[in-house]
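This report covers selected local features of a two-chain model. Topics are annotated spans, a helix pair and backbone outliers.

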Amino acid sequence: MSIIVQNMTKRFGRTEVLRGIDLTIESGELVALLGPSGSGKTTLLKIIAGLEWPDAGRLQVEGADWLQLAAQDRRIGFVFQHYALFPHMTVRDNIAFGLTVRPRAERPGKAVIDAKVDELLEFLQIAPLGERYPLQLSGGQRQRVALGRALAIQPTVLLLDEPFGALDAAVRRDLRQWLRGVHDATGSTTIFVTHDQEEAFELADRVVVMGEGRIEQIGHADQIVDHPASPFVARFMGATIELPVTLTAGRAEGEGLDLSHLPRRALPDGPATLFLRPADVTPVPTANGRWRICRLTSTGSLLRVDLDEGGTPGFSVDLPRRAPQARALTVGTRVNLAPEAGALFSTVAERSSPARGDTTQPLKEHSA
Amino acid sequence: MTDVAAPIRRKRVLPGFTLSLGTTLLYLTLIILIPVLALVLKGAEIGPERFLRIITSPRTLAALKITVTAAAVATLFNALYGLLMAWVLVRYEFPGKRLLDALMDIPFALPTAVAGLALTALFSANGWFGSVLESAGISVVYTIWGIIIAMTFTSIPFVVRTVQPVLEDLDPTLEQAAVTLGARPWTIFTRIVFPAILPAFLAGSTIAFARSLGEFGAVVFIAGNKPNETEIASLLAFIRLEEYDYAGAAAIALVLLIMALTLLLISNLIQIWSARHREPR
């Protein structure tokens with residue numbers, strides 16, 4: 001089922017939660033809504049589910065106007081972060097719920113429902129748990145039951161709100177693979193919300209990055225990491241280092257920086273900000289280098305290098321501990337930096353969009 | 001250096017367990033257990049034959065019947081009304097909600113005799129309600145309806161106050177999940193919400209019933225207290241006491257006690273049953 005969201009806005013009191021969302025999702029696609037808390041991703045999901053209503057905008061699914069349709073009539077499967085299983089019903093009754101509440105005329109017979117539940121229990125690999133109550137299950141098992149309950153009604157669209165958020169890391173990885181399998185097997189259109197980049201990139205066909213009620217960027221991992229559409233996306237993708245540079249004819253220059261690896265950018269001359277991920281930066285020992293190594297920490301595979309600049313604490317960069325460059329680094333060494341990759345944005349008032357990357361009015365650089 | 005390790009004493013996290021439990025038990029024994037025990041012993045003194053004779057006498061039977069009937073009707077009414085009231089107080093926002101919430105406690109705070117007087121004044125033949133009802137041919141004061149109204153008034157808060165917190169704590173995503181699965185509002189109520197509040201609802205209803213069985217102050221003003229017609233059991237016990245018929249009073253009181261305890265037992269069993277899904281495997 002293709003889903004088209006057009007110019008959707010929503011506010012809670014004075015807070016704008018969605019500020020004009022346009023999004024098209026193809027039939028059979030698996031899409032992740034990725035963003036920090038408060039970015040509006042869950043609200044968008046709930047509007048598609050019919051659990052919230054937008055203030056303005058359109059929502060069309062397979063040509064039908066879903067804003068005219070109550071949640072009960074949308075036939076969606078919704079999976080909640082904290083499972084929302086009915087505690088007084090057994091696993092079987094939970095899974096069968098969506099079938100047993102249908103109007104008498106449409107309700108399948110008891111034998112049909114039983115067979116369907118058996119099939120789902122088998123499919124979800126929880127066959128022995130049918131007679132248990134939700135509180136007697138582990139988190140991972142509960143989430144499987146919750147998905148089974150959603151799948152039982154053969155949903156046109158499957159929506160998952162931080163489905164693995166409450167689970168520990170190992171179970172989460174396990175369920176991720178499994179969910180991808182479920183999606184491929186059922187062929188449903190699936191949207192899930194997450195704040196975990198790794199989860200979004202590993203699982204989804206396309207990732208929609210949201211921030212403060214807007215869609216910041218849509219793409220897959222490499223596109224979003226290598227070419228963030230805005231400083232927001234760059235920061236959200238882990239570019240914790242921000243350095244002021246000067247652009248001349250598309251080339252960036254900055255004190256103590258070897259930027260020869262960065263491609264030329266079609267940005268106007270003037271002040272700009274370079275966004276770097278700690279892993280994309282190599283410290284190069286240089287006499288009178290701009291930074292001084294003040295601390296080295298090893299995590300076994302990575303070496304974390306803490307830098308300071310003229311006595312003020314700066315930032316840290318990561319490199320593989322066994323990399324040749326790592327050998328020359330000791331506390332007190334002066335270094336310059338050679339980034340392998342980075343994102344450049346002209347220094348403008350960031351949030352005053354629409355012109356985000358391409359500058360209109362350069363402001364003062366934010367450091368001397 | 002010595003090799004003998006001192007025995008390890010387990011320390012409780014909270015100090016004062018012995019003292020606080022001791023005080024609690026002593027208090028419970030003095031205030032509740034001994035009086036109840038005294039009543040049972042007093043009843044046992046009478047001997048089974050005399051006991052049966054007392055409680056099967058027409059006047060006692062009539063009093064017990066009236067009491068139980070009125071308490072049952074009052075409880076039924078309060079169970080439904082209390083559920084509705086708790087629902088309204090939890091689920092909707094409206095002006096004056098806090099005031100309404102506070103009003104709920106008035107029957108608890110008001111001396112029951114005051115409640116009885118007020119109700120009698122309202123429902124008597126020339127009172128506000130009474131005059132209207134009287135012209136419609138319904139008399140409340142000095143009938144079983146008066147008893148029911150008095151019992152209803154004094155036990156209103158029980159169901160509201162037990163259901164309200166449970167309803168407040170009910171996870172809203174349960175109902176959202178049911179909606180996405182296609183359930184209509186009434187189905188959601190009967191299959192999701194009601195089972196969740198059932199234990200609290202039963203507990204509240206049971207306490208309301210037990211309270212109504214023993215209600216005295218509010219009832220005696222409005223009931224008229226005609227033997228065999230509008231005389232409640234606790235009043236009859238009081239009358240027996242006035243007549244220095246301790247055995248008669250104790251026998252009636254014992255019956256009330258047994259009824260109340262049986263109710264509590266049943267309610268607890270239902271609560272255990274409805275919490276069965278909480279037990280780990």
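In this predicted model, residues 246-270 of chain B are 100% helix and 0% strand, and the end C-alpha atoms of that span lie 36 Å apart. Residues 140-160 of chain B are 81% helix and 0% strand, with end C-alpha atoms 26 Å apart. Both spans are among those that UniProt, in an unreviewed entry, lists as "transmembrane region" for chain B; the list also includes residues 20-41, 62-88 and 108-128.

In chain A, helix H4 (residues 139-151) packs against helix H5 (residues 169-186) at an angle of about 15°, and the axes are 11 Å apart. Angles under 35 degrees count as roughly parallel, so H4(A) and H5(A) are roughly parallel to each other. The crossing of H4(A) with H5(A) is right-handed. On the H4(A) side the contact is made by A:Gly139, A:Gly140, A:Gln143, A:Leu147 and A:Leu151; H5(A) contributes A:Val171, A:Leu175, A:Val182 and A:Thr186. Of these contact residues, five are nonpolar, four are polar and none is charged.

Two non-glycine residues of chain A have positive phi.

| Residue | Phi | Loop location in chain A |
|---|---|---|
| A:Gln125 | about 60° | between helix H3 (110-123) and H4 |
| A:Ala249 | near 50° | between strand E11 (241-248) and strand E12 (251-253) |

Are these residues buried or exposed? A residue counts as exposed if 12 or fewer other C-beta atoms lie within 10 Å of its own. A:Gln125 has 11 C-beta neighbours inside 10 Å and therefore counts as exposed. A:Ala249 has 8 such neighbours inside 10 Å, so A:Ala249 counts as exposed.

Terms used: Residues are numbered from 1 along each chain as its sequence is written. Chains are lettered from A and ligands numbered from 1 in the order in which they are written. This is a predicted model: local features need pLDDT of at least 70, side-chain atom pairs count only at pLDDT 80 or more; totals for chains, interfaces and linings use all residues. Axes are lines fitted to C-alpha atoms, for helices over the stretch in contact, and angles run from 0 to 180 degrees between N-to-C directions. Helices (H or I, at least four residues) and strands (E, at least two) are DSSP runs, numbered from the N terminus. Angles under 35 degrees count as roughly parallel, over 145 as roughly antiparallel, 65 to 115 as roughly perpendicular and the rest as oblique. A crossing is left-handed if the near helix is turned anticlockwise from the far one by less than a right angle, and right-handed if clockwise. Two residues are in contact if their C-beta atoms, placed from the backbone, lie within 7 Å. Ala, Val, Leu, Ile, Met, Phe, Trp, Tyr, Cys and Pro count as nonpolar, Asp, Glu, Lys and Arg as charged, and the others, Gly among them, as polar. UniProt positions are given in the numbering used here, feature names are shortened, and annotations may be inferred rather than shown by experiment. A residue is buried if 20 or more other C-beta atoms lie within 10 Å of its own, exposed if 12 or fewer, and partly exposed in between; C-beta atoms are placed from the backbone.
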